[in-house]
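Please take a moment to look through the sequence and the model below. We will then walk through the structure together, beginning with a single side chain and working outwards.

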Amino acid sequence: MKKISQLRNAGVLAGFLTCLSMRPRFIQAVMLSFLVLPIGLAEAGDTEMTRVIELHVSSTSPNAARDNLSAAPPTDNTITILSQKRAQGAPPKQRNPELSQQNLIIVGVNARGQEISRTVMLDPRIIRAETAEPSGKLTSSGLLYRNDATFSVMVPDEPGVIGLKVYQPRWSGAEYTLDLIGEAKLPEVGHD
C-alpha cells in the first residue's frame, strides 16, 4: 500500500490530521476512509486478473520402449495435448528462472512460429535413482529418464497462441543451447 507520506501536499495532510484529532472517532474513520480510498483503488487495478490455458500434455519417445528408463533424456518426442481448460488466473511467476539440463522450456507460438510466451518447468521425465549396499550406505545416485510422461503446464491465454514447442536446455560449455524435442498444435480455442 502506498504510504500516506507520498501524497503531494504534506501541508494539507498535516492540517487534515490535526482536524481529525478534534473530531469524534466515527467522523475520523469516515474522513480517513475517504483519504485512503483512492490509494486502495489505484492498487486494486494493479492486480488485474489474466486468463490462462491449463494443458494436460503427454510426451512419448517413439524410438524407445514405452516403460524403459535411460541415462540420457530422449531427444525425439511426440508431444500430444490430452486436454485443455481455460481459467482465470496467472501462470506462476518466474522472475529470473535459471536454466538447467533438468528443465523443459514450454514456448507458446503464433501462426508464424514466433514466440508469444515462455514457461520454464522441471522435466517431468526425470526419475532420481539411488543404489545402496546391503548395509544401507548409498553407493551411487543419478538421474534416469522415462521415455513417456504425462504432465500439466499453465500458459498465458494469448489470442495468437496456436501451438507449443518444447525445448530441453543443453550446456555447451559456455552457455545453454535449447534443443527442440517436440511440438504440438493447440486444439481450437475460442477467445471471448
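How does Arg51 count in terms of relative accessibility? This is a predicted model, and in it Arg51 has a relative accessibility of 31%. Arg51 counts as partly exposed because that value lies between the cut-offs of 20% for buried and 50% for exposed.

Now look for the partner of this arginine. Arg51 makes a salt bridge with Asp157, and their closest N and O atoms are 3.8 Å apart. Arg51 belongs to strand S1 (residues 50-60), while Asp157 sits in the loop between strand S8 (148-156) and strand S9 (163-171), so this pair ties together parts that are 106 residues apart in sequence. Asp157 itself is buried, with a relative accessible area of 10%.

Stay with Asp157 a little longer, and turn to Arg86. The side chains of Asp157 and Arg86 also meet in a salt bridge, at 2.8 Å from N to O. Here again distant parts of the chain are linked: Asp157 is in the loop between S8 and S9, and Arg86 is in strand S3 (residues 78-89), 71 residues away. Arg86 counts as partly exposed, with 25% relative accessibility.

Another charged pair is worth a visit. Asp123 forms a salt bridge with Arg125, with the closest N and O atoms 2.7 Å apart. Are these two side chains buried or exposed? Asp123 counts as buried at 5% relative accessibility, and Arg125 counts as buried too, at 1%. As for Arg51, Arg86 and Asp157, salt bridges that share partners join these three into one network. In total, the structure holds six salt bridges. Side chains of opposite charge can pair when their charged atoms come close.

Let us step back to the overall layout. The protein has two helices and 10 strands. Reading from the N terminus, the order of elements is α-α-β-β-β-β-β-β-β-β-β-β, with the two helices ahead of the strands.

One group of strands is easy to trace. Three strands form an open sheet in the order S2-S7-S6, with antiparallel pairing. Its edge strands are S2 (69-70) and S6 (126-132), each of which pairs on one side only. To follow the S2 side, look at strand S7 (residues 138-146): S2 and S7 run antiparallel and are joined by two bridges. Which residue of S7 is the bridge partner of Ser70? That partner is Tyr145.

Next come the aromatic rings. A search of the whole structure finds one aromatic pair. The rings belong to Trp171 and Tyr176; their centres are 4.8 Å apart and their planes stand at 65°, so the pair is edge-to-face. The cut-off that matters here is an angle over 60 degrees. Trp171 is partly exposed, with a relative accessible area of 42%, and Tyr176 is partly exposed as well, at 30%.

Finally, consider the chain as a whole. Of its 192 residues, 28% count as buried. The protein exposes about 12,700 Å², and carbon and sulfur atoms supply 55% of that area. Among contacts between residues at least 6 apart in sequence, 63% join residues at least 24 apart. The salt bridge between Arg51 and Asp157, which spans 106 residues, gives you a place to return to when you next look at links across the sequence.

Note on methods. Residues are numbered from 1 along each chain as its sequence is written. This is a predicted model: local features need pLDDT of at least 70, side-chain atom pairs count only at pLDDT 80 or more; totals for chains, interfaces and linings use all residues. Side-chain values use heavy atoms; hydrogens and water are left out. Two strands pair if DSSP finds at least two bridges between them. Helices (H or I, at least four residues) and strands (E, at least two) are DSSP runs, numbered from the N terminus. Buried means under 20% relative accessible area, exposed over 50%, partly exposed in between (1.4 Å probe, protein chains only). Contact means heavy atoms within 4.5 Å. Accessible areas come from the Shrake-Rupley method with a 1.4 Å probe; for residues, only the protein chains shown count as cover. A salt bridge is a side-chain nitrogen of Lys or Arg within 4 Å of a carboxyl oxygen of Asp or Glu. Rings of Phe, Tyr and Trp (its six-membered ring) pair if their centres lie within 6.5 Å; planes under 30 degrees apart count as stacked, over 60 as edge-to-face and the rest as tilted.
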